[in-house]
Amino acid sequence: MPTSTETKVGGTPSLARLRCIQCDAEFDRAAQDFRCSACGDLLELFYPAWTASSYSPATLKHTWQKRKLSRELADQSGVWRFRELLPSLDYSRIVTLREGNTPLYELPRCAHAAGLDTLLGKHQGMNPTGSFKDTGMTVAISVARQESFSWVGCASTGNTSASMAAYGAHGGLRSLVLIPQGQTAWGKLSQALDFGAVTCQLRTDFDGCMRVLTEVVRRYPVYLLNSLNPYRIEGQKTAAFELMEQLDWQVPDHVVVPGGNLGNCSALGKGFLELRKLGLIAKLPKISVIQAEGANALLRTIRETGGKRLVSVQAETQATAIRIGNPVSWKKAVRVLEATGGRCEQVSEAGIALAKAEIGADGVGCEPASAVTLAGLKKLVGHGFVSRNERVVLVLTGHLLKDPDYTIRFHRGALPPDSDQREAPLLAGHRHSPVELEADADAVLRVLEAVEKAPSRS
Ligand code: F0G
């Protein structure tokens, strides 16, 4: 298998250390639960040697671009392509499924729906297992393997487990998955099963699964792969690098992300902050985080405590990926909102369903949790926080096929549970039930004629 050992491009190598986000204690290695052993808070990776002059920005940009043409394993990954800004590992032993390198789509119908001139969607659902989790998993699973773990484990609403099971299997590691019974989309559950994970459906919610996993990793050598593992965050931050490359290093005004356990917004924020520190960009986009109304812990934390203390909620939403009431990375997320000047918004179930259908109408599609971005953007535009001519990127986190059950229920009219007077006709215009017919061309032609006569939806 071809590999690359080149780690340095005219600067200091990326020697990474761990640091507590609360008390600043530093560590070379993390404890099993990835908590600070001094105060119990979250850890992050940092690179002590980095300064504004560590790298030549032009050389880095050129090197990353050039690697796209290479046949080297690490170069073909849209994560490891950016390895100067990642912890240095033995690149001959990384576990990669060629993650990253995801498309940036124009979404003209969604732009119209949101009242903007243009709108872009960075589709992280186009990763190998269909979600953004793969970009973090390649780094964290590679670390697990290099640290000689034989078990990896996560609590999940579905995508983390699908991704972990795939990368674990690819890297020859055994996977333990804890998911809430009856609350995981079939697409995601079937992936974990196919990739051979030991899959436990616990009679609790995601937050309960997280609690159990934390105890399991303290009692058994299972490498924890939830996003409190800072190596996951390092991989996920590369989406910011790739996005900037795709935009020719012109920083967008806004990046809008869904919020669940709040690892992803933390990762993107870290990525943009590092690019600015190293002189690759001069300003930051405003990063806004959108939650479902029924799983709005970050929103309430900000509104009720000014971001000082977590307000946990009993989470409920049909967007099961973000059905999380006790988000682990809330402090990191608050800091990203503060550092970039972004906002936190909440959206209704009807708003999510409509936005998902609108993203589908652009021929792109995504899972419900990703669609909160468009629903939230409409609110941000409505409040005047985003204006018509600004450049906005939605981060679409999961593939449409992750949750076909939601889509089918929507088109059959069983979703969303309620909608207001303005939304109801819009939702109706997006529903497309299959038509059952005899095997007869005349019958099909009659359907076509009826559709032609109906008022246009666009
Ligand atoms: N979108 C999708 C499709 C997700 O699967 C998740 C989280 C999020 C958004 C929220 O990202 O947690 O970093 O704020 N899914 C996790 C899982 C929790 O277990 O798959 P976050």
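These legends go with three close-up views of a predicted model.

Residue numbers start from 1 along each chain as its sequence is written. Because the model is predicted, local features need pLDDT of at least 70 and side-chain atom pairs count only at pLDDT 80 or more, while totals for chains, interfaces and linings use all residues, and side-chain values use heavy atoms, with hydrogens and water left out.

**View 1. Six strands line up as an open, mixed sheet.** The order is β4-β5-β13-β10-β11-β12. Strands here are DSSP E runs of at least two residues, helices are H or I runs of at least four, and both are numbered from the N terminus; two strands pair if DSSP finds at least two bridges between them. β4 (104-106) and β12 (344-347) sit at the edges with a single partner strand each, so one side of each has no neighbour in the sheet.

**View 2. β10 meets β11, and a helix packs on the sheet.** Residues 254-258 (β10) and 286-292 (β11) run parallel, joined by five bridges. One to look for: His254 has Lys286 as its bridge partner in β11. Helix α11 (residues 297-305) touches β11 and β12 (contact means heavy atoms within 4.5 Å). The direction of α11 makes about 130 degrees with that of β12 (axes are lines fitted to C-alpha atoms, for helices over the stretch in contact, and angles run from 0 to 180 degrees between N-to-C directions).

**View 3. Helices α9 and α10 pack together.** α9 (residues 238-246) and α10 (residues 263-277) cross at about 60 degrees, with axes 7 Å apart. On the α9 side, the contact uses Ala239, Ala240, Phe241, Leu243 and Met244; α10 brings Leu268, Gly271, Phe272, Glu274 and Leu275.
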